[in-house]
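Open the model in your viewer and keep the selection panel at hand. We will go from one element to the next, and at each stop you will hear what to select and what is there.

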Amino acid sequence: MLPLTKARDRQQSMTSKVDFPRMPRSVQAVYLKPLKRKALYGIPSCDLQLRSYNVRNVEFFADFALRAAYYLHLPATGPIPLPRITERWTVPRSNFVNKKSQENFERITLRRLVQIHDGHLETVEVWLAFLRKHAYYGVGMKANVWQHENLGVGKSMDVSLESMKRNLEPRWAHFGRRKNLETSETVYEMMKNDAVRKTSDAPLSGL
C-alpha cells in the first residue's frame with residue numbers, strides 16, 4: 001500500500017508543477033477589464049450613447065468601444081449607466097362588448113454613455129467608423145462630436161459661405177428656385193423644336 005500511495009503523490013506533485021503554455025497578452029486582455037488612458041486636459045471630444053433592449057448586448061458593445069478607444073490612443077471614460085426609458089402600451093384584445101379585455105405591453109430601453117476627452121477629430125471619426133463597421137446586433141448608437149476652432153473662425157466661415165454660394169448658384173437654378181430670363185428663353189427654344197411640336201397637340205402660335 002505504501003508504494004502505491006507514494007507513486008500517486010509523486011504523480012500529483014509532478015502534474016501540479018507542469019507549466020502550461022502561457023496565453024498571449026491579447027488573449028489575456030479579453031478576460032480583464034478594458035484598459036483606459038488618462039485625459040490631460042479634459043476637453044470633451046465625443047459622447048457616444050449606446051441603446052439596446054438587452055443588457056448583455058449593450059454591455060458587450062460598450063466594452064468593445066472602450067478597447068477600440070484604448071488602441072487608438074483616445075482617453076475614454078465609461079460606460080456610464082443612463083436612466084432607463086420605459087414605454088408602455090395598452091391594446092384591446094377584442095372590440096365591442098369585449099373592450100375591457102385588454103393587454104399591456106412594456107418596452108425598456110437600456111442606455112450606456114462612453115465619453116472621449118482630448119481626442120483629435122480625425123481619430124474620433126476613425127473610431128466611430130470602426131464601431132459602425134463592426135456594429136453589434138440590437139445596439140443603436142448616437143454620437144455627439146465637438147469640433148474646436150481657433151479665434152476668428154467667423155471670418156473664415158463668411159469666406160467659405162461666399163464660395164459655397166457661387167458653387168451652388170448654378171445647381172439651384174435647375175430646381176427653379178430663381179428663374180431668370182435665360183431659363184425662359186431656353187424653355188421657349190425647346191418648345192419651338194419640331195420634335196416637341198409633333199408630340200404635343202397644342203399649337204405654339206401664341207408663343
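Start by selecting helix H4, residues 121-133, which lies across S1, S3 and S4 and runs at about 15° to S1. Keep in mind as you look that this is a predicted model.

**Stop 1: along and around H4**

Put a distance label between the two ends of H4. Its 13 residues reach 18 Å from the first C-alpha to the last, close to the 18 Å expected at 1.5 Å a residue. Now show side chains for Val124, Trp127, Leu128 and Leu131, the buried residues of this helix. Turn the view until you look down the axis of H4: these buried residues fall within an arc of 95°, so they line one face of the helix. As a reminder, an α-helix has 3.6 residues a turn, so residues three or four places apart point the same way.

What do the buried residues of H4 pack against? Select S1, H3, S3 and S4, and you have their packing partners. Then add Glu122 and Lys133, which are exposed on the other side of H4.

**Stop 2: the sheet**

Hide the helices for a moment and colour the strands one by one. In what order do the four strands of the open sheet stand? The order is S2-S3-S1-S4, and the pairing is antiparallel. Strand S2 (76-92) and S4 stand at the edges, each with a single partner strand, so one side of each is left without a neighbour in the sheet. Tilt the view to see the twist: neighbouring strands are turned by 20° against each other on average, with direction ignored.

Bring back helix H3, residues 55-71. H3 packs on the sheet and touches S1, S2, S3 and S4, and its direction makes about 155° with that of S2.

**Stop 3: strand S1 and its two partners**

Select residues 44-52, which make up strand S1; seven of these nine residues are buried. S1 pairs with S3 over eight bridges, in the antiparallel sense. With S4 (residues 139-145), S1 makes an antiparallel pairing over seven bridges.

Asp47 is a good residue to centre on. Its bridge partner in S3 is Gln115, and its bridge partner in S4 is Asn144. Step to Cys46 and look into S3, where the bridge partner is Ile116. Then go to Leu48 and look into S4, where the bridge partner is Ala143.

Next, select Ser45, also in strand S1. Is Ser45 buried or exposed? Ser45 counts as buried because its relative accessible area is 6%, under the 20% cut-off. Show what surrounds Ser45: leaving aside neighbours within four places in sequence, its contacts include Ile116, His117, Asp118 and Gly119. Val124, Asn144, Val145 and Trp146 are also in contact with Ser45. Val124 is one you have already met, among the buried residues of H4.

**Stop 4: S2 beside S3**

Move to S2 and S3, which run antiparallel and are joined by 13 bridges. For one pair to zoom in on, select Val91, which stands opposite Glu103 in S3.

**Stop 5: from H3 back to H4**

Select Tyr71, in helix H3. Tyr71 counts as exposed because its relative accessible area is 57%, over the 50% cut-off. Draw a distance from the C-alpha of Tyr71 to that of Trp127: the two residues are 56 apart along the chain, and these atoms are separated by 9.9 Å.

**Stop 6: the whole chain**

Zoom out and show everything. The chain has seven helices and four strands, and along the sequence they follow the pattern α-α-β-α-β-β-α-β-α-α-α. Of its 207 residues, 17% count as buried. Among contacts between residues at least 6 apart in sequence, 73% join residues at least 24 apart.

Finally, colour by pLDDT. The mean for the chain is 79, and 76% of the residues reach 70 or more. Where is confidence lowest, and where is it highest? It is lowest in helix H1 (residues 2-16), at a mean of 57, and highest in strand S3 (residues 102-117), at 92. Where pLDDT is low, the predicted coordinates should not be read in detail.

Terms used
Residues numbered from 1 in each chain as written. Predicted model: local features only at pLDDT ≥ 70, side-chain atom pairs only at ≥ 80, totals over all residues. Heavy atoms only, no water. pLDDT = per-residue confidence, 0-100. Buried < 20%, exposed > 50% of the residue type's maximum accessible area, 1.4 Å probe, protein only. Pairing = 2+ DSSP bridges. Contact = heavy atoms within 4.5 Å. Axes fitted to C-alpha atoms, helices over the stretch in contact; angles between N-to-C directions. Expected span 1.5 Å × (residues − 1). Arc of directions from axis to C-beta.
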